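This report describes selected strands of one protein model. Please look at the sequence and structure first.

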Amino acid sequence: MKKLLILSLLLIVQLSFSQSTTNLKVSESAEYKDKVKSLDVLTIHTNNSGETGIVRNAKRDFLFDIFDSNLNKTFSKVVESDKKETYVGDLFYNNTIKLFTVFAPKKDERIVYCHTLNLNTKSYNKSTIFSTTVEKKQSLFGSRKNHNTSFALSNNGKYFAIATDNIRKHKNSYTIRVFDAETEKLIYTKAYQESEKKNFEHNDLHIDNNGTVYSLGKLYLKGRSNKKFNGDANYKFVLNKITKDSNTELVLELKDEHIQSLSISENNNQLHLMGFYSELNVGRIKGGCDFVIDTNNFNVKSKKAQALPKQVYEDLYGYRTAKRKNKKKKELRNFYIDYVLTDSKGGTFLIAEEFYITQVYVQTGMSGGYWQTTYHYDDILILKFSPSGELAWGRSIFKRANVPSYNTFLKNDKLHVVLNSGKNLTEKNDGRTKVSKGWFESSALYDFEYTTNGEVSYNKIQDNRGNTYYLPNYGTFELDKFIMMSDGRKKKIFMTLE
């Protein structure tokens, strides 16, 4: 009993050193009620006047709401949706949220709609962007399980681009459409990566202020296997530079790297193609990579591939195991990029979460049983790159969750990771901080704050017991404020961090 008491006191001492109260100003809005039960936030944005627009998905409806700077509701619109209408992306500019859906009235017909919510005029409008035919039950926007950005907006807000898959029975074909952002008028359509033998998997999309589109993807050399029989990569990454009159291809040279996908980040008038690489296969991670593209000469200006820092392993496995794993260059697995952020000095952050699915067969007796599926949203990986593409530092968060549970933003060049965890973070003997809720433990909302050098402080925002439970994953950071919504089915409250 005495040993147990001493151990408990030591744990309390450890916790008192490992967490503090957030430095951010915390405020909550007045409660309001929804007409329709809804939880899934599709998009949320705040304009320069402090008005916030939010679009959510209900069972048979889309909900469009506008709130003033005090987060009081000033506009609401419930739009009936068809069961064959699916959300595929959104853009925000000029005080306007444009939410795109694809409707499949027939097996071979697709109609892309644009739902426009204007925060200034407090109005809603629905328009048809384009319609096309497809073969079989093609989705038009590829597989959602892979990193796939199909909508892009130019920095000046003048153009937006849409990338679609147009795969035919005997031919792979892909299309870029560029629109005037204000009028939604189609400016040009351009087909690219047409082939009867090679498959192309779209990764990311970028459009510049002149309407030139950059489409990045993985081009398979034969079939869709990631490896050849000898273990070499069976693909190459291709950046397509597309205008109304031309399409130019730039192939990224890979040596021993295996890469799942790459993301486009613009920095100092250069494109950075960033992601994770492995020496084993695409599902693993040895480190981070950055291809810097000179868009004028359209070539690879530099390429860097750097192994994960030791601190990443220490955060995940503790200092004892980390030393062994780092020495043997063990690779992580199942991480997918969620956020690409750029600070005021040109540094870029890649933030990824470990995701995988498990299934177990549950026996129910004589009648048989069923398969139970569990979704795992576990550890978080953070890499910071310098403006030149050097890997400055890396950290990770040792956590376990079964639903999307976190969000990130940069404020004063400090990275904030907001998430729900157990009421008291556990400081383990091997140096790790476990960010998960125990079986009988209540939860708390935390702000993990990282300095420009990667040092972390664990700051508690609130204990959730007796308070409103908030969902950081459904949040937005604009005007130096992070806004997130509560999880109530009909009664809602916003929390603001600033």
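## Strand pairing and burial

Strand β23 (residues 287-294) pairs with β24 in the antiparallel sense over eight bridges. Strands here are DSSP runs (E, at least two residues) numbered from the N terminus, and two strands pair if DSSP finds at least two bridges between them. Within this pair, V292 has S302 of β24 as its bridge partner.

The model is predicted: local features need pLDDT of at least 70, side-chain atom pairs count only at pLDDT 80 or more, and totals for chains, interfaces and linings use all residues. Residues are numbered from 1 along each chain as its sequence is written, and side-chain values use heavy atoms, with hydrogens and water left out.

β23 and β24 belong to an open sheet of four strands in the order β20-β21-β23-β24, with antiparallel pairing. β20 (262-267) and β24 (299-307) are at the edges with a single partner strand each, so one side of each lacks a neighbour in the sheet.

Strand β13 (residues 159-165) pairs with two other strands, as tabulated.

| Partner of β13 | Sense | Bridges | Opposite I162 |
|---|---|---|---|
| β12 (residues 151-153) | antiparallel | three bridges | F151 |
| β14 (residues 172-180) | antiparallel | seven bridges | R177 |

β12 and β13 form a hairpin with five residues between them, and G157 in the turn has a positive phi of about 70°.

Seven of the seven residues of β13 are buried (under 20% relative accessible area, 1.4 Å probe, protein chains only), so the strand is largely enclosed by the rest of the structure. From β13, Y159, A161, A163 and D165 point one way, and F160, I162 and T164 point the other way.

Technical notes
Buried means under 20% relative accessible area, exposed over 50%, partly exposed in between (1.4 Å probe, protein chains only).
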